[in-house]
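What follows is a walk through a predicted model. Please look at the sequence and the structure first, then read on.

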2 protein chains.
Amino acid sequence: MSNDNPVIILINPQMGENIGAAARAMLNFGLIDLRIVAPRDGWPNERAIDMAAGALDQMPEPQIFESLKDAITDLNYTYATTARRRDMVKPIFTPRSANKDAAERNAQTQAIGFVFGPERTGLSNDDLSLCSAAITIPTNPEFSSLNLAQSVLLIAHEWYSAHDRTPDKVMDSGDSRPVEQEKLEEMLTRLESELEAARFFRDEGLKPTMLRNIRNIFTRAELTDQETRTFHGIISALIGKKSP
Amino acid sequence: MSNDNPVIILINPQMGENIGAAARAMLNFGLIDLRIVAPRDGWPNERAIDMAAGALDQMPEPQIFESLKDAITDLNYTYATTARRRDMVKPIFTPRSANKDAAERNAQTQAIGFVFGPERTGLSNDDLSLCSAAITIPTNPEFSSLNLAQSVLLIAHEWYSAHDRTPDKVMDSGDSRPVEQEKLEEMLTRLESELEAARFFRDEGLKPTMLRNIRNIFTRAELTDQETRTFHGIISALIGKKSP
């Protein structure tokens, strides 16, 4: 985790619980710089510490400011989350595109902030006008209200995802290795001959098609070594023999 | 919203609050089919209803099942969220790639389910083996625990994002239109001549560069019609004239 990661700025948060849940969501995704503008119940806040589930202990002490202007002095580019359109000329990003943009700025050593307004009212127009851009989280228009910590969670998750190199899909095969084609072929050949012996293929004309269909089941199943051996055992058991 | 959207299945949830927060997160992103396997405190649950902030009233009544097997009978493909690796051969997706995969299956009329284990213990290996694939949410390895409703929120958000057509970036210019180049040019020409009159360009050799730099500020600013007029007003005010 780097201190160059974006800053999360909460303006006038009302509920300590929300500050704590926001801190937890931040740390889940590697963000550790929390700034709070005029928290209603002051700071430190016991409820925030409880809800943070230990996150606040693993982050630098949050900085407290009197105004958003004071909180962003050292930042180069700030994104304000806002649920509704205002009569203001401002670029509006999705969470994903904002974080792609932020990651590119960050790579060029710009200091980035994500700004969140108070729970009930959202950001004031004056505070919004201090920010470089806006983010609106697309939601179900018939049920769109996200709470403060949920919004922080989604933005922090998108920040993390913009950098994460986890493969889209891996086959977790534990200690076993994906089977080599030779062993798969051996098992399939054995299956075929045992099926032949058991008179499974009643219609010789259909046999090639049936064999191909069976083969397709096993080729797409991405068997491991161990599973291929298990299948040998299954064949043996079904024909009433001991494992070879 | 369509009933063909994925189903969310919570296994043995302990806290009503988490069920309610999960329902709220679902509806935020257009998911309405909630199934609960053996909720610890039975159903209906007052705390769930409170935390749902009205979401449960706008969704069909959650279905209650005794086992995961019973809950998924009508589904074609299920993704189990799991935080840790098991010794099981199973494809593991990221939330984003899982939802891309799910969206493609959904478009081919497959019925999809996302499965979440109990808060403390996570999914049992037996329940995981009932599911087609796994999802692991990449997080800060030093602080990785997400609560149940947060996990549902992230998966539901990724589902919504996989379909959402919101442009990555729009310039919200309210009622005003982006300025036409002709009017921008008119303003820049006027600025140049007023700067000339005010002896801003002390070094004739540098003047072309300075003009280009000034022009770059305004061409990248994506001014609206109204803002261009405002700038005319600013020039007039600074030279001590009334607006033209």
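Two strands count as paired if DSSP finds at least two bridges between them. By that rule E5(A) pairs with strand E8 (residues 169-172) of chain B: the two run antiparallel and are joined by 4 bridges. In this pairing A:Phe93 stands opposite B:Lys169 of E8(B).

A sheet of 8 strands also takes in both chains. It is open, its pairing is mixed, and its order is E8(A)-E5(B)-E7(B)-E4(B)-E6(B)-E1(B)-E2(B)-E3(B). Strand E8 (169-172) of chain A and strand E3 (63-65) of chain B are the edges; each has a single partner strand, so one side of each lacks a neighbour in the sheet. On average, neighbouring strands here are turned by 25° against each other, with direction ignored.

Within this sheet, strand E5 (residues 90-93) and strand E7 (residues 133-135) of chain B pair in the parallel sense over 2 bridges. B:Phe93 has B:Ile135 in E7(B) as its bridge partner.

Helices of chain B accompany the strands. Helix H1 (residues 16-28) of chain B packs on the sheet and touches strand E1 (7-11) and strand E2 (33-37) of chain B, its direction making about 170° with that of E1(B). Helix H6 (residues 148-163) of chain B lies across E1, strand E4 (77-81) and strand E6 (112-116) of chain B, and runs at about 155° to E6(B).

The contact between the chains takes 42 residues from chain A and 40 residues from chain B. On the side of chain A that touches chain B, H6(A) gives the most, with 6 residues. By class, that side has 16 nonpolar, 16 polar and 10 charged residues.

Key
Residues numbered from 1 in each chain as written. Chains lettered and ligands numbered in written order. Predicted model: local features only at pLDDT ≥ 70, side-chain atom pairs only at ≥ 80, totals over all residues. Axes fitted to C-alpha atoms, helices over the stretch in contact; angles between N-to-C directions. Contact = placed C-beta atoms within 7 Å. Nonpolar A, V, L, I, M, F, W, Y, C, P; charged D, E, K, R; others polar.
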